Amino acid sequence: MTAEFRVRQALAADAPVLARLRWAFKQEDHAGDPAAPARSVKQGEQWIRERLDSGRWLAWVVESGGEVYGHVFLHLIERVPEPYEDNTPTGYVTNFYVAPSQRNRGCGAALLKALKLHAQQRGMDTLIVWPSERSVPLYQRAGFQPSAELLENTMD
């Protein structure tokens with residue numbers, strides 16, 4: 001496997017391509033569903049730009065030949081300060097996508113490696129993700145494991 005790509009932290013200026021990739025990602029999830037999207041890609045672009053500008057959301061992209069074809073996002077979840085431990089944020093990993101034509105080349109692993117390195121350098125001790133069934137093996141290869149400490153309420 002030859003790494004003919006590079007991973008870098010995304011900038012707010014990447015919002016247009018990140019929004020287009022997000023829409024492609026979700027359209028893949030809804031293949032065969034004729035329903036029209038509830039919002040425009042332009043709205044997604046604005047949301048992404050605002051979040052990246054704020055610094056509470058971070059993203060990494062994978063690119064080759066100047067074209068971005070994958071991304072992963074990290075949302076910093078603040079913790080309430082306490083007197084006995086550091087209150088570094090917990091990281092929520094989401095919106096992980098690589099275009100189908102670029103899969104199985106190491107791009108996804110490289111994106112997660114860059115995200116994890118950033119988290120470690122900032123002293124973060126926890127990353128969480130709600131993976132799709134298809135992505136579980138990739139996350140596990142990157143060191144993610146099921147947790148007995150997390151409870152979820154889906155508000156049914």
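Two strands count as paired if DSSP finds at least two bridges between them, and the helices (H or I, at least four residues) and strands (E, at least two) are themselves DSSP runs, numbered from the N terminus. The structure is a predicted model, in which local features need pLDDT of at least 70, side-chain atom pairs count only at pLDDT 80 or more, and totals for chains, interfaces and linings use all residues. Residues are numbered from 1 along each chain as its sequence is written, and side-chain values use heavy atoms, with hydrogens and water left out.

**Exercise 1. Work out the order of the strands in the sheet, and explain why E1 and E5 each have one side without a neighbour.**

Step 1: The open sheet has 5 strands in the order E1-E2-E3-E4-E5, and their pairing is mixed. Strand E1 (6–9) and strand E5 (127–129) stand at the edges with a single partner strand each, so one side of each is left without a neighbour in the sheet. From one strand to the next the twist averages 25°, where angles run from 0 to 180 degrees between the N-to-C directions of axes, which are lines fitted to C-alpha atoms, for helices over the stretch in contact.

Step 2: Taking the pairs in turn, E1 is antiparallel to strand E2 (residues 57–64), with 4 bridges, and Val7 has Val62 in E2 as its bridge partner. E2 and E3 are also antiparallel, paired over 8 bridges, and Ser64 is found opposite Glu67 in E3. These two strands form a hairpin with 2 residues between them, and Gly65 in the turn has a positive phi of about 60°. E3 and E4 run antiparallel and are joined by 7 bridges, with His71 opposite Tyr97 in E4.

**Exercise 2. Check the span of H3 and find which of its residues are buried and which are exposed.**

Step 1: The expected span of a helix is 1.5 Å times one less than its number of residues. For the 15 residues of helix H3 (residues 107–121) this should give 21 Å, and the end C-alpha atoms are indeed 21 Å apart.

Step 2: A residue is called buried under 20% relative accessible area, exposed over 50%, and partly exposed in between (1.4 Å probe, protein chains only). In H3 the buried residues are Cys107, Gly108, Leu111, Leu112, Ala114, Leu115, His118 and Ala119. Seen down the axis of H3, they fall within an arc of 155°, so they line one face of the helix; the arc is that of the directions from the helix axis to the C-beta atoms. On the other side of H3, Lys113, Gln120 and Gln121 are exposed.

**Exercise 3. Find which residues have the most contacts inside the largest nonpolar core, and what Trp60 is in contact with.**

Step 1: A nonpolar core is a set of buried Ala, Val, Leu, Ile, Met, Phe, Trp, Tyr and Cys residues joined through side-chain atoms within 4.5 Å. The largest has 24 residues, and Trp60, Val72, Val93 and Leu112 have the most contacts inside it. E2, E3, E4, H3 and H4 each supply at least two residues of this core, and its largest share, 6 residues, comes from H3.

Step 2: Contact means heavy atoms within 4.5 Å. Leaving aside neighbours within four places in sequence, Trp60 is in contact with residues including Val7, Val72, Leu111 and His118.
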